[in-house]
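Here's a quick briefing to read with the model open beside you. It covers some helix packing and a pocket.

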Amino acid sequence: MKRTFLLLTGIVFSCCIYAAEVSAGENESPSVDAGSGEKKLSHKAGKSEVPEQKRPAAQDSEKIKELDETYPDTRRENADTLKYGMEDDITDLIDKLVRNEDIRFVDEVYDLFQETRNPSVREKILSYFAKIEDPCLEDFAVTILNDPYDEKTSMVNAVFSYVQKVKTKEALPAVLALLEKEEEEYFNGALTTVGEIGGADEAVYLAEYIDREDLTVSQKQQLVKVLGKIRAVETYDKLVELAEDSDENTFIRMYSAEAIGSMEKEEAVPVLVKLYGDSDPKLRTYVVKGLSHFPENEEARSLVIQAIKDSHVSVRLEAIDVCRKNGYRDAVPYMIYRLEKDKEDSVKKKCFPAVAELNTKEGNEYLVKQITDKKIADNPKNRAAQALLEFNNAGTEEIIELARETLKDDRRKALRYSLGKEFAKYRRSEFGSICREYIASKDTATQGTGLDIYSKGRYSEAEDDVRNLALKYNPNAKSKNANAEKAARILGMKEELDKKAAEEKSGSTGDKQNAK
């Protein structure tokens with residue numbers, strides 16, 4: 001196996017070493033030596049030049065303001081956790097920052113990266129800056145790729161992922177060098193990275209060697225995926241051959257089908273349409289993925305819409321996604337039928353937002369009917385409401401009225417809470433009145449949801465309600481009022497009320513001592 005892999009990586013190295021500098025716009029063909037007839041390669045595998053150290057980029061002030069309103073009073077707490085917290089606390093917090101795309105702490109996270117030597121924390125920080133696509137850690141990443149052998153595999157993989165997300169072209173020599181080494185553990189990561197930061201020339205050289213018998217199936221699959229990512233039309237014929245070969249590995253055929261579609265050559269459409277007749281549903285799914293790149297082609301459009309009726313659920317799900325992405329409004333009747341008849345809940349769940357986004361008269365009327373029809377269960381009502389509110393094309397008044405119904409019926413608390421969470425996602429003037437009604441509820445969770453709605457929208461008609469609730473906050477009380485504290489925090493009154501309560505407690509203690 002070692003000899004085989006050495007041969008493979010030597011081949012990949014020799015074929016990948018020529019790299020187009022995509023970011024510089026260099027699209028020239030490789031030059032040819034008249035004496036030897038061999039192509040000269042413009043990039044050499046080896047040590048990459050390490051980029052200069054830099055701090056995180058300035059972040060969007062409007063997004064920071066929105067995050068402060070959504071997550072009030074977290075700045076000090078999170079900053080302290082990053083500075084003083086234990087490993088588990090820090091990694092949990094960074095996971096939360098990644099989920100929320102919270103850009104408020106880029107400087108604190110960066111400084112922590114420079115201070116800590118904990119590999120788990122550093123890997124999490126790499127994932128954070130990869131998520132927001134900030135290149136501030138490129139110097140570290142390239143340094144690791146130049147010499148990864150003393151690092152944990154998980155760290156090297158985190159660096160590969162980071163370089164792929166921020167498109168660190170400077171890393172290409174080091175990545176190519178890793179492909180010629182005998183350590184198989186770096187093969188997939190390095191190859192995938194070439195696919196993300198390389199260009200058409202790498203694809204051509206890789207394609208020339210994909211037929212070698214010493215490639216394992218998994219390595220060949222990885223090569224095909226990389227060719228698809230690079231989208232080099234020079235490899236089109238090779239990938240068509242792989243996709244059409246019924247004796248080839250299913251995954252190689254799948255990835256090839258998607259790749260030839262991604263190249264956006266019109267001649268790929270009849271090839272893919274023919275492949276759709278295959279009995280393997282996985283291949284049909286990837287055929288639909290390939291056809292997604294031809295939104296204006298009537299043959300591709302027709303097949304994708306018909307694929308909503310495919311017997312296999314994965315194909316139906318992919319077809320719905322493509323119709324939604326490509327704006328196929330004539331697919332809406334097919335989706336409505338699936339909402340009514342499909343036995344797979346996953347298909348119904350995907351159809352709701354697709355119908356809402358496509359925004360047809362028939363589709364909007366169907367979704368609004370889910371809200372207003374008393375015979376419809378709360379679960380589809382909830383899904384319809386989520387979809388309608390997300391795209392805001394119809395149904396807002398009906399959804400607000402539905403929320404009012406749930407406020408009067410404690411048996412429908414689950415729907416009440418869910419609708420409230422949806423209202424809290426958006427800042428829309430129509431939500432002011434329902435925000436007040438949620439805050440007025442005697443149910444603690446409902447009232448808390450109302451505060452979330454207010455926190456997002458800052459509705460003027462609800463401000464007095466929130467302020468009156470905040471004034472009930474008393475940190476000295478034996479029985480805590482969580483929503484009063486929450487209201488005080490939202491309005492920025494908590495610190496002042498805490499200080500006042502501390503003074504009152506101190507004065508009361510002094511009076512008792514004097515009395516003694």
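What follows is a short tour of three helix pairs and the largest pocket.

This is a predicted model, where local features need pLDDT of at least 70, side-chain atom pairs count only at pLDDT 80 or more, and totals for chains, interfaces and linings use all residues. Residues are numbered from 1 along each chain as its sequence is written, and side-chain values use heavy atoms, with hydrogens and water left out. Helices are DSSP runs of H or I with at least four residues, numbered from the N terminus.

**Helix 14 with helix 16**
- The axes of helix 14 (residues 250-262) and helix 16 (residues 281-291) come within 7 Å and cross at roughly 15° (axes are lines fitted to C-alpha atoms over the stretch in contact, and angles run from 0 to 180 degrees between N-to-C directions).
- That makes the pair roughly parallel (angles under 35 degrees count as roughly parallel, over 145 as roughly antiparallel, 65 to 115 as roughly perpendicular and the rest as oblique).
- Helix 14 passes helix 16 in a right-handed crossing (the near helix is turned clockwise from the far one by less than a right angle; anticlockwise would be left-handed).
- On the helix 14 side, the contact (heavy atoms within 4.5 Å) includes Phe251, Met254 and Tyr255, while helix 16 brings residues including Leu283, Tyr286 and Val287.
- The contact residues split into seven nonpolar, three polar and four charged (Ala, Val, Leu, Ile, Met, Phe, Trp, Tyr, Cys and Pro count as nonpolar, Asp, Glu, Lys and Arg as charged, and the others, Gly among them, as polar).

**Helix 10 with helix 12**
- Helix 10 (residues 187-197) packs on helix 12 (residues 217-230) at about 15°, with the axes 8 Å apart.
- These two are therefore roughly parallel to each other, and helix 10 passes helix 12 in a right-handed crossing.
- Phe187, Leu191 and Val194 are among the helix 10 residues that meet helix 12, whose own contacts include Leu223, Val226 and Ile230.
- By class, that contact has six nonpolar, five polar and two charged residues.

**Helix 23 with helix 24**
- Helix 23 (residues 396-407) and helix 24 (residues 413-423) pack at an angle of about 140°, their axes 9 Å apart.
- That makes helix 23 oblique to helix 24, and the crossing is left-handed.
- Among the residues in contact are Ile399, Ile400 and Leu402 of helix 23, plus Leu415, Leu419 and Phe423 of helix 24.
- Eight nonpolar residues make up this contact along with one polar and one charged.

**The largest pocket**
- The largest pocket has a volume of about 400 Å³.
- Its lining counts 16 residues, with Glu69, Thr70, Tyr71, Ala424 and Ser455 nearest the centre of the pocket.
- Helix 2 (61-70), helix 26 (444-457) and helix 28 (482-490) each supply at least two lining residues, and helix 2 gives the most, with five.
- The lining has five nonpolar, three polar and eight charged residues.
- As for terms, a pocket is an open set of points on a 1 Å grid over the protein atoms alone, where a 1.4 Å probe fits, with protein on both sides within 12 Å along at least five of seven lines; lining residues have an atom within 4 Å of a point.
- Grid points are joined across faces, edges and corners, and a volume is the space filled by probe spheres set on the points.
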